[in-house]
Amino acid sequence: MSVEKRKPVLVIGLGRFGAAVALTLERMGHEVLGADVNARRVQEFAPELTKVVEADCTQTGTLENLGVADFEAAVVAIGSDIEASVLSVLALSDLGLTNIWAKAVNQKHARILERTGAHHVVFPEQRMGERVAHLLNERLLDFISFGSEFAIARLAAPERIVGLPLVTSECRKKYNVTVVGVKRRDEDFIHAVPDTIIFPEDELVVSGRIDDIERFSAI
Ligand code: ATP
């Protein structure tokens, strides 16, 4: 479920993850209410977010007083204190929020969050660890996976398709990947079309199964 542009979002916990979420939402034009029990964190982010409050967000009453029952979306970004994370999700759920995101530190934590009412559970450290592992393959420049099998990656054009239009290299048929976009040095990305010719220093955006993308990057 996406958050409508400019609708206010509550971010509970302004650690590294919560702060990144809050600051990005703010830059995207949302009103962000940041909440943290730690006064120093509150002070640090007061100049950058729409509103910042010092509050223990595990209590339904506290959240109600902050007026968050009217919020559509909230992000619970507490990791190390699992009890506080779960109670915050429960309180938001009791208030009827329909778009609750929460960060989990392990699978058990995730299961409890889902049972307590989180609509989306994310594992930032685990996801980043997986990405780094794929990026260690030097030919992949960027990598986003969807589930354990499918991904979109940015990679240097493999030698074997350089100099050919995409229709001739038949990437989908031969390598089981789709070339979605092409970036030429000093130019913007363009959508790939059948007669796009690949040059030696081009970067490609391709989609496909993870193992197919890894194989394609090495041809
Ligand atoms: P990160 O990796 O994102 O830095 P973390 O998991 O190391 O996060 P945590 O200790 O989980 O850090 O806390 C993230 C933030 O959540 C901290 O700033 C902390 O003060 C805040 N926090 C913890 N408990 C509560 C609570 N009950 N209500 C509001 N904020 C809280």
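In this predicted model, the ligand is surrounded by 20 residues, a residue being counted as near when one of its heavy atoms lies within 4 Å of the molecule, and those that come nearest are Phe 17, Asp 36, Arg 41, Gly 79 and Ser 80. By class, this shell comprises 9 nonpolar, 6 polar and 5 charged residues, with Asp, Glu, Lys and Arg taken as charged and Gly placed among the polar residues.

Polar contacts, defined as pairs of N or O atoms within 3.5 Å, involve both backbone and side-chain atoms. A backbone N or O atom of Phe 17 lies 2.7 Å from a ligand oxygen, whereas a polar side-chain atom of Asp 56 is placed 3.0 Å from a nitrogen atom of the ligand, and a side-chain N or O atom of Lys 103 is 3.2 Å from a ligand oxygen. Of the 630 Å² of accessible area that the ligand has on its own, 83% is covered by the protein, as computed by the Shrake-Rupley method with a 1.4 Å probe.

The chain is divided into domain 1 (6-122) and domain 2 (127-217), with bounds from an automatic or database domain assignment, and their C-alpha centres lie 36 Å apart.

Residues are numbered from 1 along each chain as its sequence is written. Local features need pLDDT of at least 70, side-chain atom pairs count only at pLDDT 80 or more, and totals for chains, interfaces and linings use all residues, while side-chain values use heavy atoms, with hydrogens and water left out.

Technical notes: Polar contact = N/O pair within 3.5 Å; in protein donor to acceptor, adjacent residues only side chain to side chain.
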